[in-house]
Amino acid sequence: MNPITKAIRIQTERTNEMEHSTPLFLTSSFCFDDAEEMRAAFADESDDNIYSRFSNPGVKEFTDKMVALEGAEAGYATSSGMSAVFASFMALLKKGDHLLSCNSIFGSTHTIIKKYLPNYGIEYSYISADKPEEWEAAIRPNTKMIYLETPTNPGLAIIDLEMVSALAKKYNLILNVDNCFATPVNQRPIDLGAHLVVHSATKWIDGQGRVLGGVVVGKKELVQDIYLFCRSTGPAMSPFNAWVLSKSLETLDVRMERHAKNALQLAKTLEHHPKISFLKYPFLPSHPQYEIAIKQMQNGGGIVCFDLKGGLESGRSFLNNLTMLSLTANLGDTRSIASHPASTTHAKLTDEERLATNITPGLIRISVGLEHVDDILADILQALENC
Ligand SMILES: *Cc1c(COP(=O)(O)O)cnc(C)c1O
């Protein structure tokens, strides 16, 4: 079956009620018929559920769908995207290892790498998203993992997955990719050589701004280590959130198609707007890595970013002029969202770090929703008019 069909059809075994849709398994633990059955489960001789920090049928349904969508061998679902990222580092890196990443990564990921990993003796360094030639030179004898996002948040730089996975292979490194911005219906890093894929399921995967969640999928041995770390440390996904997210995956493909269609139309309309100094969308030929984007992505995704010539003040006044778009920290919602990274998500970086990742003072990020595209365009155009 095609992975898109699997995202609709994979389902936990029916209970005696013969329900068509999966019920909620709101239970912290599971019962055994006798001592022998219980012993076998604890000895890992059966795959019976024991306790929802380890596994839960609804969480398994969501995880199995993500494994199918990403073309992975195994997966583990977590309470948030950040716990998936954190677990993938803590389970696989140890004192003396070096983590190679890119300066364009999600703000909290940057905080984990820069502020916490050194406490455990784990070294790191960053290359620039727009300088692919830096990757190979930055690999050290103790490099263990390459971690990257593509497209990056919020600058929408595209990193060539085939190129980086060839390096990971050559130097025997783990390639760990945050595929949050693209989603597996748009880009499948494992097909291109990645060993692990992490997600914030909070974003496009939920798609309706209701729950937090995360997931890591990939090679069986690596996921097993991450699972063992998580089952002891406790960032398990809530069964309720898994129920919401599994339902969301049934419509991921159709939603992403429309998000991308609306985003492309918005990008084309605004590209030469007199108040905008530059606009980035992966599927516009003006994007600096357009050739890589069309090689590894099915569409340009749902995020558009642009820089206002008026800088910080224009950025703030643009947000204040919006009447329909939401001002909120999320992305990947049915409702279009505008954000101003320099004063919010990336405010903790220094000016230098921000500029190194192309976060200019006037940068606006739009998460393009599923409202009628005419309404999205009208609100943004009138807000630009007076900013
Ligand atoms: C939001 C986000 C995260 C963190 O996910 P949470 O679910 O908020 O913990 C990680 N990576 C990217 C690219 C994100 O956008």
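In this predicted model, 18 residue pairs, both partners at pLDDT 80 or more, are in polar contact between domain 1 and domain 2. On the domain 1 side of this meeting place, helix 5 (107-116), helix 7 (161-170) and helix 9 (239-249) each bring at least two residues that touch domain 2. Helix 5 chips in the most here, with three residues. Sorted by character, the residues on the side of domain 1 that touches domain 2 come out as 18 nonpolar, 15 polar and seven charged.

Charged partners turn up across the boundary too: two salt bridges are counted between domain 1 and domain 2. A salt bridge also joins the side chains of K295 and D160, with 3.1 Å from N to O.

Now for the overall layout. The protein chain splits into domain 1, covering 3-249, and domain 2, covering 252-386. Going by their C-alpha atoms, the centres of the two domains sit 27 Å apart. Where the domains meet, 40 residues of domain 1 are in contact with 41 residues of domain 2.

How much area is buried between domain 1 and domain 2? The size of an interface is often given as the accessible area lost when the parts come together. For this pair of domains, the figure is about 3300 Å², and carbon and sulfur atoms give 57% of that area. The boundary thus brings together polar contacts, counted at 18 residue pairs, and a buried area with a 57% share from carbon and sulfur atoms.

Notes
Residues numbered from 1 in each chain as written. Predicted model: local features only at pLDDT ≥ 70, side-chain atom pairs only at ≥ 80, totals over all residues. Heavy atoms only, no water. Domains from an automatic or database assignment. Contact = heavy atoms within 4.5 Å. Buried area = accessible area lost by both parts, 1.4 Å probe. Salt bridge = Lys/Arg side-chain N within 4 Å of Asp/Glu carboxyl O. Polar contact = N/O pair within 3.5 Å; in protein donor to acceptor, adjacent residues only side chain to side chain. Helix = DSSP H or I, 4+ residues; strand = E, 2+ residues; numbered from the N terminus. Nonpolar A, V, L, I, M, F, W, Y, C, P; charged D, E, K, R; others polar.
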